[in-house]
2 protein chains.
Amino acid sequence: MIVEVVASGTELIRGRSIDTNSPYIARRLNAAGHDVRYISCYGDNIRELCRGIAHAFTRAQIVIMTGGLGPTVDDLTRQAVAKVTRRKLVLVRAELERQRNRPKINERQAYFPKGAAIIPNPVGTASGFLVKHGRRVLAALPGVPREMEPMLETTIPMLNSARVTWIDKAFKMAGMSESAVETELYPEIRKFKNVDYGITAKSGVISVILRVHGRDAAGTIDRIRTLIREKLGNAFFGEDEDTIGGRTAQLLLARRKTIAIAESCTGGEIASRLTDVPGVSESLIEALVTYSNDSKVKRLGVKESTLSAHGAVSEEVAREMAEGVRGRCDIGVSTTGIAGPTGGSAEKPVGLVYMAVATERGIAVERKVFGGSRWEIKSRAAEFTLNMIRKALLDEK
Amino acid sequence: MIVEVVASGTELIRGRSIDTNSPYIARRLNAAGHDVRYISCYGDNIRELCRGIAHAFTRAQIVIMTGGLGPTVDDLTRQAVAKVTRRKLVLVRAELERQRNRPKINERQAYFPKGAAIIPNPVGTASGFLVKHGRRVLAALPGVPREMEPMLETTIPMLNSARVTWIDKAFKMAGMSESAVETELYPEIRKFKNVDYGITAKSGVISVILRVHGRDAAGTIDRIRTLIREKLGNAFFGEDEDTIGGRTAQLLLARRKTIAIAESCTGGEIASRLTDVPGVSESLIEALVTYSNDSKVKRLGVKESTLSAHGAVSEEVAREMAEGVRGRCDIGVSTTGIAGPTGGSAEKPVGLVYMAVATERGIAVERKVFGGSRWEIKSRAAEFTLNMIRKALLDEK
């Protein structure tokens, strides 16, 4: 079934909010064998919403809406769907019951297009609904992710059942350019006639995005995985939802290695990405954001003389930080750099970062100049350092 | 001028990537006086892209595309625009020159729809372009944010000039529910006949999103700001791009306060949000991610007896962590909790977090049970703690 995801919210078209719901819905529906082809965002405007829904019905068999089910005056999804599908809004008593002891304005959440099936909300106050419109079906879900996500799982079996005829797969690489990955892989992957190919790059991660058709889809994916492993070696780090931080944390846990981190310019970003992984507390002994020179000296034993001779942003300080934080751990990691936007010089420009990984076998230091905003420099340096840790773990084998 | 932003990339409709470019473009174009009404995402499919562009021309005067200008086989924006606007793709010699010493596949980046104005790319290899189509105008920019963003600034003056007839404004609140904010504010704001009103909630932040029309737009915004300050007091923390972390960092710097942080379950997220603000190194002495009990004892002086009597996730340990990390700083902060998904019990469920802020005047501890995924619990706890710091700073006045 062809699917359009329609996200509503003035905050989206004003650019005040980033739409993370639509990609989530797309991922889940594609995995259920549907074909999400369109994502559209509209403001909280009844006319534009109605036109958007009507247009979605011209090109998609399933329309999934997110947002606009709340109690506030700009929540218009119920009205818009009623209008386009030519239904009345009717009060559902059981839903009114649920709004008891809530602010008066919540009562509007008890009205639904006539004949709609209610999609219960296990977490919040706004129930969703599903309506049929000719041979189309539309489901409306709230915009709050932790309400929408479980409700989507209830919704998927209510959609016209689909036969799964393909498998989506993403293979992920780090430490190579997009052109280099394509040059290596595309001539081989194009030989598979049952594969749609795409490639994309973000913060140093290159994703090859495949849709593999037919009965032997799983077998084809296995063959392509083997191919990528042969061609790209350790640059190939994961699949689908894998992140460099996640893979690194898994490797740390699998190999029972302990790690300690001293972050300066990345400001806690490396620790935060590693701790997104459940159970990493087994490996991550501690992470110190030693922003001040004082803290570098006191907490890590960096020498005053090294700081004054080379400055905080230097290979020498990165080394002493990594060795100092390592202590009795297997791995000690450090970053020191200039995240900007000010503080750069000709010799040490904004974006300059030294990253070090110390193990019992020695210490690796990398010097990089990352581009982009302060936030991008932090993020790229964190990803790069996590990949250094990953490679150090793989090399130990 | 009515604007549609068209983002292309199979990774978007597969849900493998989150589209952060479209909100950025929307924000910049709205600020330049345009009216962004639609954001659409399509895969790298020539037929769908052509249909999408043609549809955008039916409802928008300006179409801004992002993505699909790279060198790889799935980069189809040049072809799709040429097809819809009935132009040939022609080689631009100066652009071919720029691709020298690059992989052979980069040469396709030197082809543009005939008559297009080139939009130079100061950072990467793919130039953008602008074409007129009847009374419409379309600009195509790359998908890499740090290339797209400066190119957008070049593009904006190339678009048909617009008179700015409104001002967009977001007012942001923390520590209140969406219903409570609306109940307080909407009856007052609706009295302004020149104001479009919207409201949205995310991770504990409620944003009131206004578009104020007419000559006295700036005056109206001032009056609404005063009104919000009177009605909501310290819950009102900022405007537009402000974040709780950013406002807290600004307050720390303005009041010359030093801070040290001990994070357990938030895993570096508080430090990372504070260090998104340039110059915060003046205030943030250090942040310690003391994940292990050992590290809590060694680095913070938490007592072994407190850990064994109450467990690491307890009010008592939160207190000792905040006091221990504070040292000679003005403010000491701590978090300890269960981010999940496992490790919870009936007494201490997943999502339980203790947060403490210690100053010379004493210590405040809050106990909360946050909902959502591991990542959401980390994120909500970090925001909540940052807001505690902000309120402690405001109370000191």
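Let's start with one pair of residues. A:Cys41 stands opposite B:Ile39, which sits in strand S2 of chain B. Keep in mind that this is a predicted model.

So where does that pair belong? Strand S2 of chain A and strand S2 of chain B, residues 35-42, pair in the antiparallel sense. The pairing runs over 3 bridges.

Now the wider interface. How many residues of each chain are in contact? For chain A it is 87, and they touch 88 residues of chain B. The area buried between the two chains is about 7,300 Å². Carbon and sulfur atoms give 48% of that area. Three arginines deserve a mention here: A:Arg14, A:Arg16 and A:Arg299. They supply 11% of the area that chain A buries against chain B, more than any other three residues.

Next, the charges. Between chain A and chain B the count is 12 salt bridges. Take A:Arg16 again. Its side chain meets that of B:Asp240 in a salt bridge, at 3.0 Å from N to O. Polar contacts cross the interface too: 50 residue pairs, with both residues at pLDDT 80 or more.

Which element of chain A gives the most to the side that touches chain B? Strand S2 does, with 7 residues. And what is that whole side made of? It divides into 33 nonpolar, 24 polar and 30 charged residues.

On to the sheet that spans both chains. It is open, it has 10 strands, and the pairing is mixed. Follow the order with me. On the chain A side we go S17, S16, S15, S13, S14. Then we cross to chain B: S14, S13, S15, S16, S17. Why is one side of S17 in each chain left without a neighbour in the sheet? Both S17 strands, residues 362-369, stand at the edges with a single partner strand each, so the other side has no neighbour. From one strand to the next, the twist averages 10 degrees.

Zoom in on one pairing. In chain A, S15 (residues 331-337) and S16 (residues 352-359) pair in the antiparallel sense over 6 bridges. One example is A:Thr335, whose bridge partner in S16 is A:Met355.

Last, the helices of chain B. Helix H13, residues 315-326, lies across S13, S14, S15, S16 and S17 of chain B. H13 runs at about 145 degrees to S15 of chain B. Helix H14, residues 374-395, lies across S13, S15, S16 and S17 of chain B. H14 runs at about 25 degrees to S16 of that chain.

That's the tour. Thanks.

Technical notes:
Residues numbered from 1 in each chain as written. Chains lettered and ligands numbered in written order. Predicted model: local features only at pLDDT ≥ 70, side-chain atom pairs only at ≥ 80, totals over all residues. Heavy atoms only, no water. Contact = heavy atoms within 4.5 Å. Buried area = accessible area lost by both parts, 1.4 Å probe. Salt bridge = Lys/Arg side-chain N within 4 Å of Asp/Glu carboxyl O. Polar contact = N/O pair within 3.5 Å; in protein donor to acceptor, adjacent residues only side chain to side chain. Helix = DSSP H or I, 4+ residues; strand = E, 2+ residues; numbered from the N terminus. Nonpolar A, V, L, I, M, F, W, Y, C, P; charged D, E, K, R; others polar. Pairing = 2+ DSSP bridges. Axes fitted to C-alpha atoms, helices over the stretch in contact; angles between N-to-C directions.
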